[in-house]
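Biologist: Could you take me through this one by explaining the labels? I would like to hear what stands behind each term.

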Amino acid sequence: ASVNFSTSGYIRSNINAYYNPELNSENTKSSNISYTQRFPDSPWSLSLSANISQRTKDSTLSLTLPELSVNMSRVYPFKRKKPVGKEKWYEKISLSYSGNGRIAINNVKENQFIHTDFLRDWQTGLKHSIPISASFMLFKYLSVTPSINMTDRMYFQRVDQTWDEQEQQLHRDTTNGFYNVFDFNVGVSLSTKLYAFYTPIKKLFPKGKVEKFRHVITPSLSFSYHPDFGKAGWGYYGAYDQPVYEAETDPATGRKIQKTDEAGNPMFVHQTYSRFPNGIYGNVGQGAAAALSFSLGNNLEMKMVNKDDTTGKAPFKVVSLIDNLSISGGYNFIADSMNWSNFSVNLRIKIPKVNYTINLSGQFDPYMY
């Protein structure tokens, strides 16, 4: 627990603070209390916390009371307690779980806090995340990892919007209930390692100081997919047609005049909105994705004679020339344009003796010249 709480009027009324510039200039204060419980010989753990932040200059509070987190570390639910023979493929399936529940309110005045309405002013919600994956060896050298990630958000309010042509304004209707906002993505990744050894040319290294070079190449491919959760069938987003109006109004009625196209048809703008704008864990993203990602890592080392060895126990030493040189990128098959992602390049070099490391990184846009 770390508590530093006082009302904004306390400093102004406290005579001991009159000549204390630190208290008079303090603008923000925060307090938090947390409790964590781990269960022996169990993958489960939980934590409970509460926190409050204050802004003295305008007497506002932001409060989370409480926030509960429940976590389960990775387990293998199909693994036999007494295995006999080779490990079965389904025994490699693993899953974990994380759950979170929160009740919070933001930027409320101190003198209005006790008058807040729980349903109208407070944000509440539950969130569950379950990643499931497995790892298999294919042809002895290829590592294949299929996975599925599921997330469920539970809310107790939904907002529906409609355009009222009679009043020429937008209406928002908030309904209380129990609503699930669920999304998922599936994927599979493939990776391996390739080893190459090079014997140096004697003309370049006449004294035989360098014995050999080792080059480790780590290629990987991954594919992921998720549907378009912004479609009407999922119910997470709504839509309405908003009329396009002229700048002037009808002098006879005082109402806005709707624009028309060249054929005389009234003009509308199709508007899409989130039905959970106040959701404490947000809404799911819009748009489908079927993306192929790739990366290619490189490591280059040199084996050379160890001059510092006088015992003969370590005649050679390994020196890192390039600790890592990698390039990565992706391609979205569903995107209607600009399917390629930016390409990322990272370089890491270790400098021996002085224990320094140099990191360089860059982003390259395939659609810019």
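Modeller: Happily, and burial terms come first: buried means under 20% relative accessible area, exposed means over 50%, and partly exposed lies in between, with a 1.4 Å probe and protein chains only. The model is predicted, so local features need pLDDT of at least 70 and side-chain atom pairs count only at pLDDT 80 or more, while totals for chains, interfaces and linings use all residues. Residues are numbered from 1 along each chain as its sequence is written, and side-chain values use heavy atoms, leaving out hydrogens and water.

Biologist: Why is Lys 140 called exposed?

Modeller: Its relative accessibility is 73% and the cut-off is over 50%, so Lys 140 counts as exposed. Lys 140 sits in the loop between strand 6 (136-138) and strand 7, where strands are DSSP E runs of at least two residues, numbered from the N terminus. Its phi is positive, about 70°, although Lys 140 is not a glycine.

Biologist: What makes Asn 107 exposed or buried?

Modeller: Asn 107 has a relative accessible area of 51%, so it is exposed. Asn 107 belongs to strand 4, and its phi is near 55°, a positive value in a residue other than glycine.

Biologist: And how do you know whether Lys 29 is buried or exposed?

Modeller: With a relative accessible area of 5%, Lys 29 falls on the buried side, because the limit there is under 20%. Lys 29 is in strand 1 (residues 28-38). Not counting residues up to four places away in sequence, Lys 29 touches Asn 4, Ser 6, Ile 52, Ser 53, Gln 54 and Thr 56; a contact means heavy atoms within 4.5 Å.

Biologist: What makes strand 4 and strand 5 a pair?

Modeller: Two strands pair if DSSP finds at least two bridges between them. Strand 4 (residues 94-109) and strand 5 (residues 123-133) are joined by nine bridges and run antiparallel, so they qualify as a pair. One of the bridge partners is Gly 125 in strand 5, opposite Arg 102. Strand 5 also runs antiparallel to strand 7 (residues 142-164), with eight bridges, and there Ile 132 is partnered by Ile 148.

Biologist: Which residues make up the largest nonpolar core?

Modeller: The core holds 11 residues: Ala 104, Tyr 155, Tyr 179, Val 181, Phe 229, Tyr 236, Tyr 237, Phe 276, Ile 280, Tyr 281 and Val 284. The term covers buried Ala, Val, Leu, Ile, Met, Phe, Trp, Tyr and Cys residues joined through side-chain atoms within 4.5 Å. A second, separate core of six residues includes Leu 63, Ile 105, Val 108 and Trp 122.

Biologist: Why is Leu 190 called partly exposed?

Modeller: Its relative accessible area is 32%, so Leu 190 lies between the two limits. Leu 190 is in strand 8, and is one of the residues in a nonpolar surface patch of about 690 Å², along with others including Val 186 and Phe 223. Patch residues have over 30% relative accessible area and no salt bridge; nonpolar side chains (Val, Leu, Ile, Met, Phe, Trp, Tyr) are joined within 5 Å, and like charges within 9 Å. A salt bridge is a side-chain nitrogen of Lys or Arg within 4 Å of a carboxyl oxygen of Asp or Glu. Areas come from the Shrake-Rupley method with a 1.4 Å probe, and for residues only the protein chains shown count as cover.

Methods:
Helices (H or I, at least four residues) and strands (E, at least two) are DSSP runs, numbered from the N terminus.
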